[in-house]
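I opened this entry to keep track of what I looked up, beginning with one strand and its partners and ending with confidence.

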Amino acid sequence: MLKRFAFIAALVGITCCGSTGGDAPDPNKPSTDPTPNPAPVPTATVGDVSLDVMTFNIRYDNTGDGQNIWQNRRDRAANAIKFYDPDVFGTQETLHNQLEDLKSRLPQYAVIGVGREDGKEAGEYSPVWYKKDRFTLQSSGYFWLSETPNVPSKGWDGACERIATWAILQDKYTNNAIFFINTHLDHQGVTARREGVNLLFQKINEYSLGLPVICTGDFNSSPDSDVIAHITDTTSDNHLTDSRKVSPVVYGPSWSWHDFGALSYSQRPLLDYVFIRGGLDVNRYGVCAEDENGQYLSDHAPVVVNVSYK
């Protein structure tokens with residue numbers, strides 16, 4: 001976790017179920033310029049300064065969840081984020097009221113994202129959250145995982161609209177920049193998951209400007225699935241690396257979805273991932289499978305990863 005930056009900066013003398021983005025938009029409102037043209041970003045590297053990253057499917061606000069309704073979980077979820085203290089993170093299944101609840105509880109973060117049903121506030125968001133005092137937003141945007149990615153739409157055989165949100169973030173402490181993207185693949189459509197990955201590759205290549213990539217999300221796919229094999233296929237120039245596979249420290253279980261504890265351990269799959277590409281090393285990986293007297297943060301456990309600039 002970041003927490004030695006002032007010292008380092010002193011040593012090296014540094015100051016510190018859409019549309020695509022444009023130039024330096026309001027952090028809380030993604031750009032709608034279809035041609036991204038971010039300002040040039042410095043790429044100076046400073047030592048082994050690290051970033052803490054999280055992906056967290058918070059479970060949409062479902063009144064049928066009994067004791068696990070969002071109203072009973074929102075403070076615990078926000079406190080978990082405060083405790084794990086990610087510098088940048090993605091959430092999934094985030095309805096507008098949940099976005100507002102987290103914004104009010106996490107004022108240290110700016111957030112980018114729109115509802116997947118209308119590109120405004122309807123339906124689930126897959127937002128990107130980043131620390132205001134750590135990053136400067138260079139550009140951002142979003143697109144739908146479909147044959148028509150610039151407009152709200154379902155893709156292929158998908159059951160729901162699916163959206164991805166991205167941002168280029170410049171690190172105030174190091175002047176490094178990263179490309180961060182967060183998404184949620186379809187839970188039913190086999191073709192939608194496969195083609196969704198191909199579109200993610202295409203858009204990452206288009207918008208990342210060769211920067212280090214961090215990709216978070218609920219991929220609705222287990223590690224032995226064709227989807228994850230496609231993402232991590234090292235014979236492809238597009239491939240991303242599963243942070244769990246390369247981390248020297250792995251903590252917690254091998255699963256992330258537990259359905260509020262209803263699934264037996266043998267039935268619990270890993271669906272939530274932090275992938276990386278280029279210019280980053282993974283230091284630690286953990287699945288935070290915690291509960292308090294049978295009260296859960298979500299039906300998914302958050303995944304936290306610490307990475308360093310190379």
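Which residue in strand 15 does Thr55 stand opposite? I looked this up in the model, which is a predicted one, and found that Thr55 faces Val303 of strand 15.

I then noted how the two strands run: strand 1, residues 50-57, and strand 15, residues 303-309, pair in the antiparallel sense, with six bridges between them.

Next I turned to strand 2, residues 88-92, which pairs with strand 1 in the parallel sense over five bridges. Here I found Gly90 to be the bridge partner of Thr55, so I followed the connection as well: from strand 1 the chain passes through helix 2, residues 70-84, before it reaches strand 2, and this β-α-β crossover is right-handed.

I also asked myself whether the residues of strand 1 are buried or exposed. I recorded eight of its eight residues as buried, and the strand as mostly covered. Going through the two faces, I listed Ser50, Asp52, Met54 and Phe56 as buried on one side, while Leu51, Val53, Thr55 and Asn57 are buried on the other, and both faces are thus covered.

Last, I checked the confidence: the protein has a mean pLDDT of 89, and 85% of its residues reach 70 or more. I marked residues 1-16, where the pLDDT is below 50, and noted that this stretch has 30 contacts in the model beyond near neighbours in sequence. I marked residues 18-47 too, where the pLDDT is below 50 and the stretch has 96 contacts in the model beyond near neighbours in sequence.

Definitions and conventions. Residues are numbered from 1 along each chain as its sequence is written. This is a predicted model: local features need pLDDT of at least 70, side-chain atom pairs count only at pLDDT 80 or more; totals for chains, interfaces and linings use all residues. Side-chain values use heavy atoms; hydrogens and water are left out. pLDDT is the predictor's confidence in each residue, from 0 to 100. Contact means heavy atoms within 4.5 Å. Buried means under 20% relative accessible area, exposed over 50%, partly exposed in between (1.4 Å probe, protein chains only). Helices (H or I, at least four residues) and strands (E, at least two) are DSSP runs, numbered from the N terminus. Two strands pair if DSSP finds at least two bridges between them. A crossover is right-handed if, with the strands pointing away from the viewer, the path from the first strand over the helix to the second runs clockwise.
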